[in-house]
Amino acid sequence: FFWCCPAMERLWAPHPDLVFAPCFLKSRGEKDAILLDLDNTEVRCLSSEVPGLDKVREPQLLGVDNVCTLEEVNQAALLHTVRVRYGREQVYTRVARILIAVN
């Protein structure tokens, strides 16, 4: 679903398990918005929160070695980068001269 619709904009949405997740906006009503995460799981938030959600940039999804190389850094991108790297058993992530270690 996601890759067949490249024109859809991805947003960093609050997620009950992951804290933040890259999601596509499925629908937006008067009160609630429904987003889909990468597993096609529905994530809900208030419609009024949607304009304030950060846009997902493709490099933010790659798990880069140094977060400072990202064009745009936010909480969600930092957390996702560390999560992706941990999943690849790369427990060290740099933020300029700071080293984040996850074990």
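In the predicted model, Leu53 is in contact with Leu11, Trp12, Ala13, Pro14, Leu35 and Cys45 when its neighbours within four places in sequence are left aside. Leu53 also belongs to the largest nonpolar core, a set of 10 residues. Its other members are Leu11, Ala13, Ala21, Cys23, Ala33, Leu35, Val43, Cys45 and Val50. Strands β1, β2 (19-28), β3 (32-36) and β4 are the elements that give two or more residues to this core. Another core, of eight residues, lies apart from it and includes Trp12, Val64, Val67 and Leu70. Trp12 is thus assigned to this second core, although Trp12 is also among the contacts of Leu53. In soluble globular proteins, nonpolar side chains tend to be buried together.

Charged side chains were examined next. Side chains of opposite charge can pair when their charged atoms come close. A search of the whole structure identifies seven salt bridges. One of them joins Glu9 to Lys55, with a separation of 3.5 Å between the closest N and O atoms. Glu9 is located in the segment before β1 (10-15), whereas Lys55 is located in the loop between β4 (42-46) and α1 (75-87); the pair therefore ties together parts that are 46 residues apart in sequence. Both ends of this bridge have intermediate accessibility: Glu9 is partly exposed at 44% relative accessibility, and Lys55 is partly exposed with a relative accessible area of 38%.

A further salt bridge is formed by Arg10 and Glu58, whose closest N and O atoms are 2.4 Å apart. This pair likewise links distant parts of the chain, with Arg10 in strand β1 and Glu58 in the loop between β4 and α1, 48 residues apart. The two partners differ in their surroundings. Arg10 has a relative accessible area of 12% and is classed as buried because this value falls under the 20% limit. Glu58, by contrast, is partly exposed, with a relative accessible area of 41%.

Glu42 and Arg44 form another salt bridge, in which the closest N and O atoms are 3.5 Å apart. Glu42 counts as partly exposed at 37% relative accessibility. The relative accessible area of Arg44 is 54%, and this residue is therefore classed as exposed, the limit being over 50%. Through salt bridges that share partners, Glu42 and Arg44 are joined with Lys26 into one network.

Definitions and conventions:
Residues are numbered from 1 along each chain as its sequence is written. This is a predicted model: local features need pLDDT of at least 70, side-chain atom pairs count only at pLDDT 80 or more; totals for chains, interfaces and linings use all residues. Side-chain values use heavy atoms; hydrogens and water are left out. A salt bridge is a side-chain nitrogen of Lys or Arg within 4 Å of a carboxyl oxygen of Asp or Glu. Helices (H or I, at least four residues) and strands (E, at least two) are DSSP runs, numbered from the N terminus. Buried means under 20% relative accessible area, exposed over 50%, partly exposed in between (1.4 Å probe, protein chains only). A nonpolar core is a set of buried Ala, Val, Leu, Ile, Met, Phe, Trp, Tyr and Cys residues joined through side-chain atoms within 4.5 Å. Contact means heavy atoms within 4.5 Å.
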